[in-house]
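Student: I'd like to practise reading a structure feature by feature. Could you take me through one?

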Amino acid sequence: MAAEEAAEASLARLSPKRRQPGRENDDEENPEGGDEIAALNGVVVSGKVKSNNLDVKATESELETEEKGTEEESTRESDSNILDVSSDYPREKHISIQRHLADLEKLADLKEDEKKPCPLCPEEKFKACYSHKLHRHLQNLHWKVSVEFEGYRMCICHLPCRPVKPNLIGDQTFSKMGAHYHCIICSATIMRRTDMIGHINRHVNKGETESRFITVPPPKSSHEVLKESATDVQVLPNYSTPHKTDSYFNPKMKLNRQLIFCALAVLAEERKPIECLDAFGATGIMGLQWAKHLRSSVKVTINDCNENSVTMIQENCHLNKMKVKLNTKEEDNDEAMGDGEENTDTIEVTKMDANVIMHLRSFDFIHLDPFGTSVNYLDSAFRNVRNLGIVSLTSTDISSLYAKAQHVALRHYGCNIVRTEYYKELAARIVIAAVTRAAARCNKGIEVLLAVALEHFVLVVVRVLRGPSPADDSAKKIRYLIHCQWCEERIFQKEGNMVEENPYQQLPCDCHGSMPGKTAVVLGPLWSGALFNTGFLRRMLFEAVQYGLDEAQPLLKTLVCEAECTTFKHFSTHSPCDENKQEECGVYIKTPNTSAESYLVHGKRKSEEVIRSTAKRQKSESSAEHPAFYYNIHRHSIKGMNMPKLNKFLNYLSEAGYRVSRTHFDPMGVRTNAPLAQFKTILMKYSTPTYTGGQAEGPVHLAEDVQAGEQVQAVADSKAEDAEFLEDDKSGVAAAMFTADYPTHCAAD
């Protein structure tokens, strides 16, 4: 009907003024009474009109133009339900979209013993053939290269559905067709298989998984609910890919979230309530865990600058039965959500830039977890953070921190680095140096409580100390590192502004003298202070046990042993001096515990001189709680020799009088204050040859004898130094204390 009305309208527009009266029709005879005009399927057959007893023939060009316009209008109206992607009207799926190969074979009727054409190929491309050949064709050409989505297969189609560009001749535009796929969601035609997969993934990322075909059932929900530490979060598809989703959630960062929760729980025990900020909320999982477990001890603020993420955070708060206080501007705009029957705590959700909210408000605890580096937010974080507060930051730009992209590290952190065996600890010290400089610009100092570098992230937790004096003390700990590229020996450059003529002489090794050319490089600037706080780590371990965080407990035990520079054999969770250690290591305690019982040794009270010397010794030990860096036992192994077990090797180093512990940075790393030469000597001494033949035993025994002599000489030198120290100290009690504590233990008294 629409086509007929369009044809009548086109004829009505041919008025008598536009007709040409001087031309008669000599080709055909017109019947009396008017024109013969027939509209068959919207096509005008005869275009002759008669008016004022004159026969007029319309020009052929005008009729052809009207015919094309009529055909286009009829085509648009008839195919509007198919081509309109946004239309909700359901339509039938294309024949190339099937569930099983048998469904595709039913279209060709392979059961009959006759030649059948391919249902997805034109006759010019694939001629009719028998069933066995057609089966192989459907399976190998169409089904094997199909794209799967929700149980359906989008097979490749060769039918004339998608026109291609014309040839140079330009005569046959629609004769040559290209192979393509039909999208099950929006009915688009795409030529390449990889492009089709990407097209489907874009639909999934946008949440458009509901097909507009009749036969495809719509999914129940495009959101997925995950549970972590008794907290439910609702995430979008592709939630673990930050470039393809707004609400990023990485399950591999569970250990990171548990460590940050333990640090916040320790701070919550010091003072209540505390205001904490999750500057990059994403799904809000971290802030929800804080509020759900710590409850009234914390006032949680979750911030994100993305509107979709803020909506997701509100839904997750409602899912966990939390009250929400929404604040999207500088002025307060409160909106309550959720019933709050089980939990009366309120979570504040803000939609601001992270720098803006940290400039506007003050917090006791700030966590920064941007995508990539966090140096762009350090100045804002230390601007308004309260005194003795905690700032934790997670850096995921491991390509630059782990010396894979050295130019990026120089651009972001202003640090020159190379790939070394201790590259993970090097990355942690780079981040701490950047944090120290940012805090010093705000007249604040820091104390490092925790530094962890694992496969996917680098986590640093520091405590903020207000004042120019702590800022100066922290800035002095940023120094350069001299690294020998030949033997992997390293040492921090000495303090001072004077330029040395030969800085290679500071290295314990003699590679610069025996090897030609330059053998060492200067790395940094780096943080040269301690990476751990023993008392804080012990309290974190206590909180992890209390809240049942199983994944964080083994790592925290390793960190405590690494901070005290001791092995698991000497590790004890409940030691009699734990409380004193926690108080002394915490910065918020001004004066350490100096009770009278602590000065009693074998029933005698120490003199003032003994107390003064012991305090000096404790100060020197506390300044270097653990040795800097570590050695990899495999990196320095001897070729053709079997190394001892790692735990046995730690005992050998401890028996030789060195401080030793394992490290979380490297599972085969050894943190010790022994020089590299002594490290290799002891490793060689207790290694066994791979082949126990007579020829191999001789050199090994000879080397052992020589190295044993070197070891005896080293022990003798150390004893001589101890004797000199004992001569300076006139008290015999102090001598007994020093000889009993110094060789094996390195924990703070």
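Tutor: Sure, and keep in mind that this is a predicted model. Let's begin with strand β11, residues 231-235, which is mostly covered, with four of its five residues buried.

Student: Which strand does β11 pair with, and in what sense?

Tutor: In general, the strands of a sheet pair through backbone hydrogen bonds, either parallel or antiparallel. Here the partner is β10, residues 224-228, and the two are antiparallel over five bridges. To get the register, look at E224, which sits opposite V235 of β11.

Student: What should I look at in the turn of that hairpin?

Tutor: Check phi. Most residues other than glycine have a negative phi. In the hairpin of β10 and β11, two residues lie between the strands, and S229 takes a positive phi near 55°. A230 is found in the loop between β10 and β11 as well, and its phi is also positive, near 60°, though A230 isn't a glycine.

Student: Is A230 buried, exposed or in between?

Tutor: A230 has a relative accessible area of 42%, so it is partly exposed. K321 is another non-glycine residue with a positive phi, about 60°. You'll find K321 in the loop between α8 (307-319) and β14 (323-327), and at 33% relative accessible area K321 is partly exposed.

Student: And which peptide bonds are cis?

Tutor: The usual expectation is that most peptide bonds are trans. The bond from K272 to P273 is cis, with omega near -15°, and P273 is in the loop between α6 and β12 (274-278). The bond from G524 to P525 is cis too, with omega near 10°, but P525 is found in a strand, β22, residues 520-527.

Student: You mentioned α6. How many residues does α6 have, and how far does it reach?

Tutor: α6 covers residues 254-270, 17 in total, and runs 25 Å from its first C-alpha to its last. That is close to the 24 Å expected at 1.5 Å a residue.

Student: Why is α6 described as largely enclosed?

Tutor: Because 14 of its 17 residues are buried, α6 is largely enclosed by the rest of the structure.

Student: How does that connect to the nonpolar core?

Tutor: The general idea is that in soluble globular proteins, nonpolar side chains tend to be buried together. The largest nonpolar core here has 110 residues, and F382, M540 and L556 touch the most other members. The largest share of this core, eleven residues, comes from α6. There is also a second, separate core of 21 residues, with L507, F649, A674 and L676 among its members.

Student: Which residues is M540 in contact with, beyond its sequence neighbours?

Tutor: Leaving out residues within four places in sequence, M540 contacts L259, C262, A263, V266, L450 and L556. As for the helix side of that list, the general rule is that an α-helix has 3.6 residues a turn, so residues three or four places apart point the same way.

Student: What about empty space? How many cavities are there of 30 Å³ or more?

Tutor: Three cavities of 30 Å³ or more are counted. The largest holds about 60 Å³ of space, and its lining is S229, Q258, F261, Q289, H293, Y547 and L549. The elements giving two or more residues to that lining are α6 and α7. You've met S229 already, as the hairpin residue with the positive phi.

Student: And which residues lie nearest the centre of the second largest pocket?

Tutor: Y248, A282, D369, P370 and F371 do, out of 33 lining residues. This pocket contains about 780 Å³ of space, and α6 and α7 (285-294) each supply at least two of the lining residues.

Student: Can we finish with a sheet? In what order do β25, β27 and β28 come?

Tutor: The order is β25-β28-β27, in an open sheet of three strands with antiparallel pairing. β25 (631-632) and β27 (660-662) stand at the edges with a single partner strand each, so one side of each is left without a neighbour in the sheet. Three bridges join β27 to β28, residues 669-672, and V660 has T672 of β28 as its bridge partner.

Note on methods. Residues numbered from 1 in each chain as written. Predicted model: local features only at pLDDT ≥ 70, side-chain atom pairs only at ≥ 80, totals over all residues. Heavy atoms only, no water. Expected span 1.5 Å × (residues − 1). Buried < 20%, exposed > 50% of the residue type's maximum accessible area, 1.4 Å probe, protein only. Core = buried A, V, L, I, M, F, W, Y, C linked by side-chain atoms within 4.5 Å. Contact = heavy atoms within 4.5 Å. Pairing = 2+ DSSP bridges. 1 Å grid on protein atoms, 1.4 Å probe; cavity = no way out; pocket = protein on both sides within 12 Å on 5 of 7 lines; lining within 4 Å. Points joined across faces, edges and corners; volume = space filled by probe spheres on them.
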